[in-house]
Amino acid sequence: MTRDREREWIVSLFSEHPSRMPAQEADPDPDDSLWFWDPGNEIFPPDPAHPYRSHADPIQVKSLTEGRERRIPLDAYLRPLAGLSLPGQAELERYVRHKYQRNMKRNTLEGTVSNGKLFLRFLEQQGRSSVKEIRREDLEAYVEQEQDRRMKPCTVKGRLAQAYAFLGFLIEQGEVDRSIKDRKIRIKLPQSLPRAIDPEDVGKLLSVIRDVRDRALILVLLRTGMRIGELLATKEMDVHLKERRIEIPQAEKTGVGRVVYLAEDAQTALHAWMNVRDSQKRFLFYAQGKRREKMTYGAARMVFIKYLKKAGLADKGYTLHRLRHTFASEMLNAGMRLECLQQLLGHTDIRVTRQYARLTDKTREEEYFRAMEVIEKDGIHGHYQLDPELQAFLEEEELLG
């Protein structure tokens, strides 16, 4: 059902005497270039062909549309491709439509279009008139171009993965030869350690937060390990204060739901916020004075930066995501098993969770200082002795190698 027809249907249910409709308010959110209509906002989009609105009870309309998922039309995602004639553009549009029909998330669809457009422009520069002409050498050149542009390795790897996914779709459609994916190009990423906030700095940060909403926002992130996008998408119905838990129906990255739990200080802070927040708002943390109810990432980030400056930590390079790293590091230091932490963080691969173990392995630390104490106190006398089991292992490795 189109937006216009949907509106007419809702109006017809409740009103027989429509009157003139007010003009649409401008959307002040600069990070939302794709406009969509949210029935929950009770604001109808302007349409010259139907200059009226309903006298219907807004509570009835809200009840009717409550729970309906907001979805941006497919044409809005394809808008960046309008007016272009790139090689493979028709195939890219089919690929986006395929992902849209599979109900992929907004960020995924937008990334598919932007990365696909970049890839097709490159093919055009290479003199390709169709994606059917693509060769492995083109993919290698694409990687080199992005590296020459000084893109980060993770960015280059992501764009290459997008290109391979697009080509995989065309292979399944029988439009590109399967050999293009033989001996896939691999990009090795540096394995950097996740960086947590220093415990002393955590104390400084929390000591300067007096605002009820802001304290709840920061403490929930710190004590649950939620991604900021997950918390901003949390609705009041997802919070269960008595049980000290928050339900995440769909994770920000994986799309898999999970439950996180609230420490006592986070529960107290959240309880204080729930007592003063506008109960008519759907989202737990909402925007102030805006048409859209949901607080944006930019607004949350500015809140965090404000308190970093107030605590004298502005030069430390801390980000909102560091609160998630801090949670994971503290849980492991306290003895939590990796399998439990994996579920709380919403990682689908335990290898991702294991990165925190490299940072916080107390057993390895204790073993080091125990051995070093022996070396510093008594020293090592005579020849070094190799453990028999280790000797056998090394010999076997040499034979196999």
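Let's start at Leu-270 in this predicted model. Setting aside neighbours within four places in sequence, Leu-270 is in contact with Ala-216, Val-220, Val-239, Leu-241, Ile-246, Leu-262, Leu-284 and Phe-285. Leu-270 also belongs to the largest nonpolar core, a set of 41 residues, and is among the members that touch the most others, together with Leu-205, Leu-231, Ile-246, Phe-285, Phe-304 and Leu-323. The elements that each give two or more residues to this core are helices H8 (199–207), H9 (212–224), H10 (228–232), H11 (264–276), H12 (297–310) and H13 (320–333), along with strand E2 (245–248). The most comes from H9, which gives seven residues. There is also a second, separate core of 35 residues, and Tyr-77, Leu-109, Val-156 and Phe-166 are included in it. As background, nonpolar side chains tend to be buried together in soluble globular proteins.

Staying with helix H9, have a look at Arg-213, which is found there. Is this arginine buried or exposed? Arg-213 counts as buried because its relative accessibility is 15%, and the cut-off for buried is under 20%. Its surroundings are worth clicking through: leaving out residues up to four places away in sequence, Arg-213 touches Trp-273, Phe-285, Tyr-286, Gln-288, Met-295 and Val-303. One of these, Phe-285, is also a contact of Leu-270. The side chain of Arg-213 also makes a polar contact of 3.0 Å with the side chain of Asp-214.

From here, move to the strands. The three strands form an open sheet in the order E1-E2-E3, and the pairing is antiparallel. E1 and E3 stand at the edges with a single partner strand each, so each has one side without a neighbour in the sheet. Strand E1 (residues 239–240) pairs with E2 over two bridges, and His-240 has Arg-245 as its bridge partner in E2. Four residues lie between the strands in this hairpin, where Arg-244 takes a positive phi near 55 degrees. On the other side of the pairing pattern, E2 and strand E3 (residues 258–261) are joined over four bridges, with Glu-247 standing opposite Val-259 in E3.

How do the side chains along E2 point? They alternate: Ile-246 and Ile-248 are buried and point to one face, whereas Arg-245 and Glu-247 point to the other face and are not buried. The buried Ile-246 brings us back to the starting point, as Ile-246 is among the contacts of Leu-270 and among the residues that touch the most other members of the largest core.

A helix can also have a buried face, and H14 (residues 338–345) is the one to inspect next. In H14, Leu-338, Leu-341, Gln-342, Leu-344 and Leu-345 are buried. Looking down the axis, these buried residues fall within an arc of 165 degrees, so they line one face of the helix. Just after H14 comes Gly-346, with a positive phi of about 80 degrees.

Finally, zoom out to the whole chain. It has 17 helices and three strands, and 39% of its 401 residues count as buried. Among contacts with a separation of 6 or more, 64% are between residues 24 or more positions apart. The accessible surface of the chain comes to about 24300 Å², with 50% of that belonging to carbon and sulfur atoms.

Definitions and conventions:
Residues numbered from 1 in each chain as written. Predicted model: local features only at pLDDT ≥ 70, side-chain atom pairs only at ≥ 80, totals over all residues. Heavy atoms only, no water. Buried < 20%, exposed > 50% of the residue type's maximum accessible area, 1.4 Å probe, protein only. Contact = heavy atoms within 4.5 Å. Areas by Shrake-Rupley, 256 points an atom, 1.4 Å probe, with all protein chains shown as cover. Core = buried A, V, L, I, M, F, W, Y, C linked by side-chain atoms within 4.5 Å. Polar contact = N/O pair within 3.5 Å; in protein donor to acceptor, adjacent residues only side chain to side chain. Arc of directions from axis to C-beta. Pairing = 2+ DSSP bridges.
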